[in-house]
Amino acid sequence: MLDTRELGRRPGSQRQVTLTVPAPADLGIEVLSVPEGSQVELDLRLEAVMEGVLVTGSATAVLEGECARCLEPISDQSEFTFQELYVYSDQDYSEEDDGAVSKLDKDLLDLEPLLRDAVVLALPFQPLCEDDCPGLCVECGARLADDPDHAHEEPIDPRWAGLTALQPEQDQ
Ligand SMILES: [Zn+2]
Ligand SMILES: [Zn+2]
């Protein structure tokens, strides 16, 4: 929670805030997330406008997960940017707008939903260790990035050899 009282509700007044907070639980998606309790650095500009406080800023955090192709652990520093208008809670807003707007609680601003949205929206559904990760060998499961010339002379499993021998007949 950030206190915005210092802005005095004077449109045009601004404040630059830098702070480090522990990451809340479940910040991210299943395959890639910010570990709970790790440090999130926030760099924010709070700006009073007529209806409330406009928050513009960025968050820097470490992401951990695993590559969707080769399952290698990924640990990466990322920056997320966001902007959100928080309206004063005593402002008159029509009922239908209610769910969509962020509100100040008295003059306190809850950053967590904003941070959560910024992180989740920015994450790839299929995180990769490298953009062109070649993944795993379908035959033995070796990580191909570690061994680019990886090849199998002969199928490992005799059952595969049997399938190969059958191939020409299946084509007809
Ligand atoms: Zn990979
Ligand atoms: Zn292999």
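Which residues of α1 are buried? I opened the notebook with this point and found that L114, L115, A118 and V119 are buried in α1. I note at the outset that this is a predicted model.

**Entry 1: helix α1**

I looked down the axis of α1 and found its buried residues within an arc of 125 degrees, so they line one face of the helix. I then turned to the face directed away from the buried side, which carries the exposed residues E112, P113 and L121. I also looked up what covers the buried residues of α1, and the cover includes β3 (27-29), β4, β6, β7 and β8.

**Entry 2: the chain as a whole**

I recorded 2 helices and 9 strands in the protein chain. Read along the sequence, the pattern is β-β-β-β-β-β-β-β-β-α-α. I noted that 20% of the 172 residues of the protein chain count as buried. Among contacts with a separation of 6 or more, I found that 55% are between residues 24 or more positions apart.

**Entry 3: the nonpolar core**

I looked up the largest nonpolar core, which has 24 residues, and found that V34, V53, V55, A59 and L109 touch the most other members. Two or more residues of this core come from each of β4 (32-34), β5 (39-48), β6, β7 and α1 (112-122). As background, I note that nonpolar side chains tend to be buried together in soluble globular proteins.

I followed V53 further. Beyond its neighbours within four places in sequence, V53 is in contact with T4, L7, L46, E47, A48, Y86, L104 and L109. For V55, I looked up the residue standing opposite in β7, and it is E84.

**Entry 4: strand β5 and its partners**

Which side chains of β5 point to the buried face? I found V40, L42, L44, L46 and A48 buried on one face, while Q39, E41, D43, R45 and E47 point to the other face and are not buried. The side chains thus alternate along β5.

I next looked up the pairing of β5. β2 and β5 run antiparallel and pair over 9 bridges. β5 is also joined to β6 in the antiparallel sense, by 8 bridges. I recorded a hairpin formed by β5 and β6, with 3 residues between them. Within β6, T60 is the bridge partner of E41.

**Entry 5: two residues of β2**

I chose V17 and T20, since both belong to β2: V17 is found in this strand, and T20 has its place there too, within residues 14-22.

V17 is partly exposed, because 16 other C-beta atoms lie within 10 Å. Its bridge partner in β5 is L44. Leaving aside neighbours within four places in sequence, I found V17 in contact with L2, L44 and L46. I also noted that V17 and L42 are 25 residues apart in sequence, with their C-alpha atoms 7.8 Å apart in space.

Is T20 buried or exposed? I found T20 exposed, because 9 other C-beta atoms lie within 10 Å. Apart from neighbours within four places in sequence, T20 is in contact with Q39, V40 and E41. The C-alpha atoms of T20 and D43 are separated by 8.8 Å, and these residues are 23 apart along the chain.

**Entry 6: strands β6, β7 and β8**

I found β6 (residues 52-66) and β7 (residues 73-87) running antiparallel and joined by 15 bridges. Their hairpin has 6 residues between the strands, and L71 takes a positive phi near 65 degrees there. I then looked up β7 with β8 (residues 102-103): these strands pair in the parallel sense over 2 bridges. V87 stands opposite K103 in β8.

**Entry 7: positive phi in two loops**

I looked up R9, which has its place in the loop between β1 (2-3) and β2. Phi of R9 is positive, near 55 degrees, in a residue other than glycine. R9 is partly exposed, because 15 other C-beta atoms lie within 10 Å.

I closed with K106, which lies in the loop between β8 and β9 (108-109). K106 has a positive phi of about 55 degrees although it is not a glycine. I recorded K106 as exposed, because it has 12 C-beta neighbours inside 10 Å.

Terms used: Residues numbered from 1 in each chain as written. Chains lettered and ligands numbered in written order. Predicted model: local features only at pLDDT ≥ 70, side-chain atom pairs only at ≥ 80, totals over all residues. Helix = DSSP H or I, 4+ residues; strand = E, 2+ residues; numbered from the N terminus. Contact = placed C-beta atoms within 7 Å. Pairing = 2+ DSSP bridges. Core = buried A, V, L, I, M, F, W, Y, C linked by C-beta atoms within 7 Å. Arc of directions from axis to C-beta.
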